[in-house]
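Reader: Please walk me through this model and justify the words you use for it.

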Number of protein chains: 2
Amino acid sequence: MHQNLNASLHGIRGSFLDFIADPFYQVEQDCVRYLPDGLLILEDGYIKALGAYQELAAQYDKIPITAYPNRLILPGFVDTHIHYPQTEMIAAYGEQLLEWLNQYTFPTEAKFKDPSYARRIADCFLDELLKNGTTTALVFAAVFPESVDAFFEAADRRNLRMIAGKVMMDRNAPDYITDTAESSYEETKELIRKWHHKGRLLYAVTPRFAITSTEKQLKLAGQLLQEFPDVYLHTHLSENTKEVAFVAELFPQNQGYLDVYDQAGLVGERSVFAHGVQLTDAEFRRLSEAKAAIACCPTSNLFLGSGLFKFHQAKSPEHPVKVGLGTDIGAGTSFSLLQTANEAYKVAQLQGQSLSAFKSLYLATLGGAEALCLEDKIGNFEVGKEADLIVLDLQATPLMQLRNPHLPAQSLGQLAEAAFALTMMGDDRAIQATYIMGRLAYDRDGHRPV
Amino acid sequence: MHQNLNASLHGIRGSFLDFIADPFYQVEQDCVRYLPDGLLILEDGYIKALGAYQELAAQYDKIPITAYPNRLILPGFVDTHIHYPQTEMIAAYGEQLLEWLNQYTFPTEAKFKDPSYARRIADCFLDELLKNGTTTALVFAAVFPESVDAFFEAADRRNLRMIAGKVMMDRNAPDYITDTAESSYEETKELIRKWHHKGRLLYAVTPRFAITSTEKQLKLAGQLLQEFPDVYLHTHLSENTKEVAFVAELFPQNQGYLDVYDQAGLVGERSVFAHGVQLTDAEFRRLSEAKAAIACCPTSNLFLGSGLFKFHQAKSPEHPVKVGLGTDIGAGTSFSLLQTANEAYKVAQLQGQSLSAFKSLYLATLGGAEALCLEDKIGNFEVGKEADLIVLDLQATPLMQLRNPHLPAQSLGQLAEAAFALTMMGDDRAIQATYIMGRLAYDRDGHRPV
């Protein structure tokens with residue numbers, strides 16, 4: 001048979017879990033696809049087929065197959081909000097948002113003017129992502145174009161699907177870390193031309209937030225979105241109450257925080273707003289209408305004391321908003337989307353709601369892909385998608401082993417329980433391996449990438 | 001010199017951090033003792049001396065010294081509230097307190113009627129404690145005396161300073177898991193005689209909480225405290241709002257939840273109440289007056305959506321209450337007191353307060369010892385205390401290494417920052433070794449206990 005002679009064909013055997021619809025809006029079991037003993041066929045880095053091993057193995061009996069017994073294989077995690085220059089300042093003590101920016105963030109980001117420094121941290125950062133099973137992220141660089149080059153070079157070398165952009169900020173920050181409306185426009189334009197659609201890379205126009213951009217800079221950001229209709233917009237929105245009040249002071253003519261971005265033409269289908277903890281119901285409606293997305297960052301919201309994200313309102317059927325999970329390093333406290341799901345659950349519980357593991361894992365995979373308008377390329381195991389996937393070890397520690405003695409789960413009920421324990425107890429140790437475009441890019445136990 | 005000939009003398013060299021006073025009430029730097037290059041001398045399992053290596057080494061130049069370069073040595077952690085029979089049900093999905101008890105907890109605890117099962121889990125549990133650097137804990141067993149025997153046998157074999165007790169519960173729970181007021185009294189009495197002060201073990205009279213005990217059972221618990229004045233009282237108090245309302249229904253004649261225990265004679269200096277999330281100001285005052293303690297369990301309070309512990313009120317100078325940290329496994333989500341400190345910080349932040357790492361580490365060591373009236377025996381490195389100590393690796397992961405490149409800290413400021421990063425990013429991997437009464441009882445890298 002033809003396909004069996006094709007050397008680029010490769011199979012992976014194990015238990016497979018992915019999502020084919022949004023469990024916030026449909027019966028959960030209709031959204032989950034689970035194959036306790038499945039076979040995934042990869043060709044040239046893309047998904048060619050997925051099925052029960054017993055059904056598919058005969059068709060592909062001459063291709064190499066990597067077996068992961070008692071492992072759960074998921075699409076790679078998608079982190080919808082993270083700052084790579086803040087990798088080294090994770091866990092900086094004692095402040096809430098605005099003070100934290102001035103005291104820790106700006107001085108740290110200033111170092112990223114130095115390309116060699118930026119390259120070193122970009123490498124550490126991407127190593128951490130892969131180690132935590134994150135294969136796609138929407139990333140803030142620093143204000144310096146050099147920091148964007150360093151990041152994209154490192155991501156391109158690893159063939160990662162990454163979205164990033166240069167921070168635009170022309171006020172309310174120290175001189176050493178600001179640009180001007182004009183320079184940010186020109187530099188961003190050049191970076192878009194250089195990097196957008198280079199390999200798997202994509203660009204996001206990235207004003208930090210309304211506080212550190214003049215109206216002029218925001219309008220120029222809007223102009224960039226018009227000139228390059230398929231780039232992204234990535235910024236922060238309504239994280240804490242002081243910030244919201246400050247925005248109201250700076251933009252007295254606007255109808256609230258989101259409206260500041262809206263008036264600049266920044267609210268559209270490819271716009272991703274980090275946090276949204278303090279959003280009003282009208283703002284949720286507007287985001288829904290515009291098909292814009294929110295990156296929900298629970299470890300960060302708790303760390304900075306910003307507040308509790310309203311999952312219930314964001315995912316209400318009346319005005320559904322696309323939501324992904326974000327670690328928000330360095331205000332977030334873990335690179336792991338499992339740990340992020342742990343705290344997302346707690347944020348929901350504090351509001352009397354339950355966030356199931358299937359919902360969390362949907363947000364971390366297909367939901368994140370949808371938030372980034374990448375659901376045609378990544379997020380689940382549909383045929384034709386890019387084969388970024390992760391191999392999870394549900395018995396990664398003695399305690400997880402005690403909690404999950406029987407693998408693989410034989411029913412959706414068992415799987416729901418095992419997946420929940422994974423999101424509560426799992427961290428980078430639960431990531432056995434990470435594959436990028438069908439190639440092993442990280443292996444916990446140190447096996448060499450092939 | 002005489003001491004140099006004594007074979008039981010042994011030294012440990014490294015950086016030492018402990019607390020000599022409560023940083024909630026005194027200037028932080030006056031409460032912290034830090035020796036960047038220290039030497040701790042142990043004799044027969046007790047602390048004989050602690051000083052700068054340069055000053056002390058000459059006096060003890062013939063004794064064996066174990067050196068831990070670039071490691072931070074702390075007194076062992078004290079977990080003031082944990083359920084050993086819930087080890088295997090950590091991360092059970094989707095409920096708040098009362099439903100969670102019925103759906104998950106009672107069926108799991110029922111298994112502990114079987115002594116061999118109880119022994120197996122007691123071993124797993126104590127292994128987890130040591131691996132996480134916890135050397136003393138106040139522990140709920142199950143309702144069955146067999147479960148207490150299994151626990152104490154396992155703890156005694158490891159020579160651990162542990163406090164535990166049989167659960168007393170005679171209503172509002174399934175028959176298979178309840179006792180009666182009389183049987184709980186008799187069984188507890190027998191267990192006290194058998195275990196209290198055996199080796200390092202101590203007994204806690206342990207009614208589960210007001211909801212599952214009749215007034216009669218609570219009064220008999222009070223009688224036990226009178227008959228055995230130095231045993232402990234360990235129970236739950238004011239965890240969530242529904243529970244508080246249910247207690248008010250069950251005890252209409254009482255002035256609130258704490259008063260139920262008070263009227264039964266259960267509120268005293270050796271009483272430890274888990275949670276206290278919903279306490280009123282008057283109740284904080286009463287706890288302060290009685291010198292009773294609260295076990296604050298942030299990962300559990302978030303997991304069950306119970307609410308935010310009011311550190312500020314509990315530790316107010318007007319009515320200071322003794323507070324320790326508790327993991328509250330299995331409603332808590334981690335055995336690690338570092339992870340518990342991480343979420344304690346977030347709980348404080350959500351209330352606009354900052355909890356420094358020194359405060360957290362105080363709570364996890366000397367504060368916990370004080371909450372358990374054990375400050376004369378454990379909690380810091382005072383001469384004469386029992387030598388339970390832990391060796392921490394502040395560079396346990398590549399990310400922690402990036403965050404903490406320079407060790408050891410050379411100033412209290414540097415130490416505060418490194419300690420904070422430790423409490424935010426650390427978990428069991430940061431515990432390099434655990435010593436019990438001067439003997440190596442756990443080593444992360446698998447070196448054999450000596």
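Author: We take the pair of chains, then the helix crossings, then the sheets.

Author: This is a predicted model, in which local features need pLDDT of at least 70, side-chain atom pairs count only at pLDDT 80 or more, and totals for chains, interfaces and linings use all residues. Residues are numbered from 1 along each chain as its sequence is written, and chains are lettered from A and ligands numbered from 1 in the order in which they are written.

Reader: How do you know that the two copies are related as by a two-fold rotation axis?

Author: Two copies of a chain are related by a rotation about an axis and a shift along it. Here a rotation of 180° with 0.0 Å of shift along its axis puts chain B on chain A, with an RMSD of 0.0 Å. The superposition is by least squares on the C-alpha atoms of residues with pLDDT of at least 70 in both copies. The two copies are thus related as by a two-fold rotation axis. In chain B, the C-alpha nearest that axis belongs to E343(B), at 4.8 Å.

Reader: How do you know that the copies meet through the same surface?

Author: Of the interface residues of chain B, 100% are also interface residues in chain A, so the same surface is used by the copies. Contact has a cut-off: two residues touch if their C-beta atoms, placed from the backbone, lie within 7 Å. By that rule, 27 residues of chain B are in contact with 27 residues of chain A.

Reader: Which elements of chain B give two or more residues to the side that touches chain A?

Author: They are α5 (115–131), α12 (298–303), α14 (337–350), α16 (398–403) and α17 (412–425) of chain B. Helices are DSSP runs of H or I with at least four residues, strands are runs of E with at least two, and both are numbered from the N terminus. The largest share, 5 residues, comes from α17(B). By class, this side of chain B has 14 nonpolar, 8 polar and 5 charged residues. Ala, Val, Leu, Ile, Met, Phe, Trp, Tyr, Cys and Pro count as nonpolar; Asp, Glu, Lys and Arg count as charged; the others, Gly among them, are polar.

Reader: What makes α14(B) roughly perpendicular to α17(B)?

Author: Their axes cross at roughly 100° and come within 6 Å. Axes are lines fitted to C-alpha atoms, for helices over the stretch in contact, and angles run from 0 to 180 degrees between N-to-C directions. Under 35 degrees is roughly parallel, over 145 roughly antiparallel, 65 to 115 roughly perpendicular, and the rest oblique. The pair α14(B) and α17(B) is therefore roughly perpendicular. L338(B), A341(B), N342(B) and Y345(B) of α14(B) meet L422(B), T423(B) and M424(B) of α17(B). That contact divides into 5 nonpolar, 2 polar and no charged residues.

Reader: Why are α5(A) and α6(A) called oblique?

Author: Helix α5 (residues 115–131) and helix α6 (residues 145–157) of chain A pack at about 40°, with axes 8 Å apart. That angle falls in the remaining class, so α5(A) and α6(A) are oblique to each other. Their contact has 8 nonpolar, 1 polar and 3 charged residues.

Reader: Which hand does the crossing of α5(A) and α6(A) have?

Author: α5(A) passes α6(A) in a right-handed crossing. A crossing is left-handed if the near helix is turned anticlockwise from the far one by less than a right angle, and right-handed if clockwise.

Reader: What makes α15(A) and α17(A) oblique?

Author: The axes of α15 (residues 357–371) and α17 (residues 412–425) of chain A cross at roughly 60° and come within 8 Å. So α15(A) and α17(A) also earn the word oblique. Their crossing is left-handed. The contact includes F358(A) and L361(A) of α15(A), and F420(A) and L422(A) of α17(A). By class, 7 of the contact residues are nonpolar, 2 polar and none charged.

Reader: What makes β3 and β16 of chain B edge strands?

Author: Each pairs on one side only. Two strands pair if DSSP finds at least two bridges between them. The open sheet of chain B has 7 strands in the order β3-β2-β1-β4-β14-β15-β16, with mixed pairing. The twist averages 35° from one strand to the next.

Reader: How do you know that β14 and β15 of chain B pair?

Author: They share 4 bridges, in the antiparallel sense. At least two would do. V391(B) stands opposite A433(B) of β15(B).

Reader: Which strands of chain B does helix α15 lie across?

Author: Helix α15 (residues 357–371) of chain B lies across β1 (9–19), β2 (32–43) and β4 (65–75), running at about 130° to β1(B).
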